[in-house]
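Me: Hey, I'm new to this one. Can you pull it up and walk me through it?
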Amino acid sequence: MAKLGKSIGFNSVVLGIFALITAAVLASTYLGTKDRIAAAQREVAKRALLEIVPLDRHTNDLLLDTVPIPANYWHTLGIDDDGGEVNIARQGDEPVAVIIPAVAPDGYNGDIRLIIGINIDGSLAGVRVVSHHETPGLGDKIDLKKSNWIVGFNGKSLTNPAPELWKVKKDKGAFDQFTGATITPRAVVQQVYKTLKYYNEDRARLLKAARQRPTIHHQASEENDHG
């Protein structure tokens with residue numbers, strides 16, 4: 001019995017050591033890949049922002065130049081649980097556009113995550129879908145890779161078209177729907193309109209906060225990315 005007890009004890013020690021080694025290896029692997037994953041995510045986010053506000057329109061780092069969204073607007077933007085930040089585009093110290101995260105919660109297959117660029121004058125600089133689960137061949141036409149439907153928002157504003165026309169044509173609005181798929185474009189149109197209304201209400205605070213922040217040039221950021 002004594003030998004059996006020693007054997008069990010020895011095996012327990014060996015298993016414990018093995019577990020510690022495994023945990024150390026996993027932790028090392030995680031730490032080794034964490035920075036690369038973060039850099040890749042940063043690059044994806046940067047490309048999406050630059051599709052809306054290209055480099056020739058701003059001199060700052062869009063990813064670092066941000067203003068928090070007040071909690072009382074999270075529901076309007078569909079970001080109840082996440083909070084969020086508005087990315088500011090500036091030429092020198094002067095804001096030229098903002099890029100706002102939003103979620104249309106009523107897509108056909110769930111949430112449709114968007115980024116919505118709005119020029120300082122309140123017109124849309126562009127809209128892009130960041131992620132969605134819409135039906136391939138139908139609702140996925142909101143993705144720029146599938147169709148150019150999303151660019152139809154460019155230049156639109158709260159008054160162009162009139163508020164009552166911020167709907168799909170099936171609902172007597174101004175925006176096209178897709179053949180066999182109305183729910184998806186309807187959800188996107190409604191959320192873009194809500195985001196324009198948010199900007200109109202929060203515009204003064206956003207611009208004041210943006211002007212009080214030091215300019216973060218994108219050239220410096222790119223050098224850091226390669227450093």
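Reply: Sure, let's start with D176, which is partly exposed at 40% relative accessible area (partly exposed lies between buried, under 20%, and exposed, over 50%, with a 1.4 Å probe and protein chains only). Keep in mind that this is a predicted model, where local features need pLDDT of at least 70, side-chain atom pairs count only at pLDDT 80 or more, and totals for chains, interfaces and linings use all residues. Residues are numbered from 1 along each chain as its sequence is written, and side-chain values use heavy atoms, leaving out hydrogens and water.

Me: Which side chain does D176 meet in a salt bridge?
Reply: K169, at 2.7 Å from N to O. A salt bridge here is a side-chain nitrogen of Lys or Arg within 4 Å of a carboxyl oxygen of Asp or Glu. K169 is partly exposed too, at 47%.

Me: How many salt bridges are there in the whole structure?
Reply: The search finds 6. One of them joins E51 and R128, with the closest N and O atoms 2.7 Å apart. That pair links distant parts of the chain, E51 in helix 1 and R128 in strand 5, 77 residues apart (helices, H or I, of at least four residues and strands, E, of at least two are DSSP runs, numbered from the N terminus).

Me: Is R128 buried or exposed?
Reply: R128 is buried, at 12% relative accessible area, while E51 is partly exposed at 45%.

Me: What about R211, which side chain does it meet?
Reply: R211 forms a salt bridge with E94, again given as 2.7 Å, N to O. R211 sits in helix 3 and E94 in strand 3, 117 residues apart.
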